[in-house]
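User: Please give me a close look at the largest nonpolar core and what surrounds it. I would like one connected account.

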Amino acid sequence: MESYNEYSATERLSKLRAMNRLLASGELAPAVGPCDLCGDSDASVKFEYHDEDYGAPPIWGKPAQYCLCLHCHRFKLHKRFVEECQVQRSGSRS
Ligand SMILES: [Zn+2]
């Protein structure tokens with residue numbers, strides 16, 4: 001797991017583990033739509049939580065935690081950094 005939003009991999013992993021414990025015990029409801037980015041609420045779509053804040057104590061809701069569809073989370077949101085890096089690399093070559 002990489003660092004994100006200036007939170008270390010260790011901090012991210014710590015919140016992820018806490019979230020998985022709460023999900024398993026039923027204290028935290030599983031992520032359900034609509035997606036906070038695209039608004040998709042299709043019941044066949046897989047939703048997951050995305051965290052912007054990994055501070056302690058953990059916050060289980062907005063603005064620290066969002067519910068996103070798998071597509072927005074994996075491809076739109078996290079992939080934006082990959083694209084930014086590619087832009088910076090190609091820019092530095094010129
Ligand atoms: Zn979405």
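Analyst: Happy to. Helices (H or I, at least four residues) and strands (E, at least two) are DSSP runs here, numbered from the N terminus. This is a predicted model, in which local features need pLDDT of at least 70 and side-chain atom pairs count only at pLDDT 80 or more, while totals for chains, interfaces and linings use all residues. Residues are numbered from 1 along each chain as its sequence is written.

Some context will help. The protein chain has three helices and two strands, in the order α-β-β-α-α from the N terminus. Its pLDDT, the predictor's confidence in each residue from 0 to 100, averages 89, and 85% of the residues score at least 70. Helix α1 (residues 9-25) has the highest confidence, at a mean of 97, and helix α3 (residues 79-93) the lowest, at 63. Where pLDDT is low, the predicted coordinates should not be read in detail.

Now to the core itself. A nonpolar core is a set of buried Ala, Val, Leu, Ile, Met, Phe, Trp, Tyr and Cys residues joined through C-beta atoms within 7 Å. A residue is buried if 20 or more other C-beta atoms lie within 10 Å of its own, exposed if 12 or fewer, and partly exposed in between, with C-beta atoms placed from the backbone. The largest core has eight members: A31, C35, F47, Y49, C67, L68, C69 and C72. Two elements, β1 (47-51) and β2 (65-69), each give two or more residues to this core, and β2 supplies the largest share, three.

The two strands are antiparallel partners over five bridges; pairing requires that DSSP find at least two bridges between strands. Across this pair, Y49 stands opposite C67 in β2. Four of the five residues of β1 are buried, leaving this strand mostly covered.

F47 shows how the core is joined up. Contact requires C-beta atoms, placed from the backbone, within 7 Å of each other. Setting aside residues up to four places away in sequence, F47 touches A31, V32, G33, C35, C67, L68 and C69.

D36 is a useful neighbour to look at next, in the loop between α1 and β1. D36 counts as partly exposed because it has 18 C-beta neighbours inside 10 Å. With residues up to four places away in sequence left out, D36 touches Y66, C67 and L68, and C67 and L68 belong to the core.

Definitions and conventions. Contact = placed C-beta atoms within 7 Å.
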